[in-house]
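Welcome to a set of short exercises with worked solutions. Keep the viewer open, try each task yourself, and then read on.

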Amino acid sequence: MRGEVPLSSSVEIRTLTTPQELFEAAAEDVVHTANDAVGQRGCFTIALSGGSTPKSLYNLLATNARTSLPWDRVFFFWGDERHVPPTDPESNYRMTEETLLSKIPVAATNVFRIPGENPNAAAAAEAYEQTVQKFFGLQPGQFPSFDLILLGMGPDGHTASLFPGSAALREKSRLVVANWVEKFRTSRITFTLPVLNAARRVAFLVSGTEKAAALHAVLQSDAPGEQYPSKLVRPGDGSVIWFVDRAAASELSTSQ
Ligand code: 6PG
């Protein structure tokens with residue numbers, strides 16, 4: 001069962017001088033990965049990340065890369081969502097709608113958002129888990145292999161809504177769970193580690209000095225993964241690429 005942390009996956013770190021260069025490199029990678037997937041399997045399944053970092057990437061995909069992607073073959077999911085309606089300023093879906101989805105020719109049937117409006121977070125997670133299982137035609141115990149999962153990383157080393165010490169970190173069989181986040185006194189809905197670690201490719205986007213200490217802890221220390229959950233994302237058969245800017249990489253030792 002996936003979800004353990006194998007050391008076999010390939011991990012690439014690309015340090016770009018500025019945030020803009022980071023977003024341009026990430027956009028190129030998305031386009032390349034998408035066209036590869038469509039060429040090989042006829043479609044491209046991507047799980048989007050939330051927060052603020054990916055906004056510039058989504059804007060680039062909607063403008064410079066708008067004609068480089070077969071949008072009708074692209075299927076959008078989210079790696080996590082706040083426990084709010086899709087119209088809420090905190091909603092990851094709303095952010096993606098504003099920066100990307102409203103600007104590209106994608107059918108609503110290609111977009112699978114997390115139903116954060118459900119007052120019962122656990123029920124929202126269960127509903128989304130069924131959506132993913134149905135789309136990928138999964139049997140119980142199977143995990144989806146997304147072509148690409150985009151992830152961010154918080155200054156505490158969390159990714160998706162897998163926060164340090166939170167219950168979801170120990171989930172090994174569910175695909176999607178509601179995860180109580182003590183520091184925000186709220187639930188989030190998130191993919192579990194087995195789903196992240198079943199991806200064909202994971203791309204982290206990390207920008208800014210406030211992420212530097214956590215990035216060092218995740219990439220170059222033996223701190224426990226429970227404390228820095230991004231450390232636990234190591235797809236068994238997939239690849240991981242870290243797009244980081246010089247500010248976020250300022251505490252990495254280049255000798256490694
Ligand atoms: C979310 C994200 C979360 C995010 C990190 C980094 O729902 O907020 O999924 O994991 O990627 O918190 O956020 P920033 O990009 O805003 O720094």
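**Exercise 1. Around the ligand**

How far is an oxygen atom of the ligand from an N or O atom in the side chain of Arg-188? Find this distance, then look at the other residues around the ligand.

Solution. Before starting, note that this is a predicted model, in which local features need pLDDT of at least 70 and side-chain atom pairs count only at pLDDT 80 or more, while totals for chains, interfaces and linings use all residues. Residues are numbered from 1 along each chain as its sequence is written, and side-chain values use heavy atoms, with hydrogens and water left out.

- Step 1. The distance for Arg-188 is 3.5 Å, from an N or O atom in its side chain to an oxygen atom of the ligand.
- Step 2. A polar side-chain atom of Arg-82 lies 2.7 Å from a ligand oxygen atom.
- Step 3. For His-158, a polar side-chain atom is likewise found 2.7 Å from an oxygen atom of the ligand.
- Step 4. There are 15 residues around the ligand, and Thr-53, Asp-80, Arg-82, His-158 and Ala-160 come nearest. To be counted here, a residue needs a heavy atom within 4 Å of the molecule.

**Exercise 2. Following His-158 to Asp-156**

Place His-158 in the chain, decide whether it is buried or exposed, and trace its side-chain partner.

Solution.

- Step 1. His-158 sits in the loop between strand S5 (148-151) and strand S6 (176-181). Helices (H or I, at least four residues) and strands (E, at least two) are DSSP runs, numbered from the N terminus.
- Step 2. His-158 counts as buried because its relative accessible area is 15%. The cut-offs are under 20% for buried and over 50% for exposed, with partly exposed in between (1.4 Å probe, protein chains only).
- Step 3. The His-158 side chain makes a polar contact of 2.7 Å with the side chain of Asp-156. A polar contact is a pair of N or O atoms within 3.5 Å; within protein, one must be able to donate a hydrogen and the other to accept it, and residues adjacent in sequence count only if both atoms are side-chain atoms.
- Step 4. Asp-156 lies in the loop between S5 and S6, and is buried because its relative accessibility is 16%.
- Step 5. The side chain of Asp-156 also has a polar contact of 2.8 Å with the side chain of Lys-183.

**Exercise 3. Two positive phi angles**

Which of Ala-160 and Arg-185 is buried, and which is exposed?

Solution.

- Step 1. Begin with the background: most residues other than glycine have a negative phi.
- Step 2. Ala-160 has a positive phi, near 50°, and Arg-185 has a positive phi of about 50°.
- Step 3. Ala-160 is in the loop between S5 and S6, whereas Arg-185 is in the loop between S6 and strand S7 (186-191).
- Step 4. Ala-160 is buried because its relative accessible area is 10%. Arg-185 is exposed because its relative accessibility is 56%.

**Exercise 4. A pocket and a cavity**

What kinds of residues line the largest pocket, and what kinds line the largest cavity?

Solution.

- Step 1. Learn the terms. On a 1 Å grid over the protein atoms alone, a cavity is a set of points where a 1.4 Å probe fits but cannot get out, and a pocket is an open set with protein on both sides within 12 Å along at least five of seven lines; lining residues have an atom within 4 Å of a point. Grid points are joined across faces, edges and corners, and a volume is the space filled by probe spheres set on the points.
- Step 2. The largest pocket holds about 320 Å³ of space. Its lining has 21 residues, and Gly-50, Gly-51, Ser-52, Met-153 and His-158 lie nearest its centre.
- Step 3. This pocket lining divides into five nonpolar, eleven polar and five charged residues. Ala, Val, Leu, Ile, Met, Phe, Trp, Tyr, Cys and Pro count as nonpolar, Asp, Glu, Lys and Arg as charged, and the others, Gly among them, as polar.
- Step 4. The largest cavity has a volume of about 40 Å³. Strand S2 (44-48) and strand S3 (74-78) are the elements that give two or more residues to its lining.
- Step 5. The cavity lining has nine nonpolar residues, no polar and no charged.
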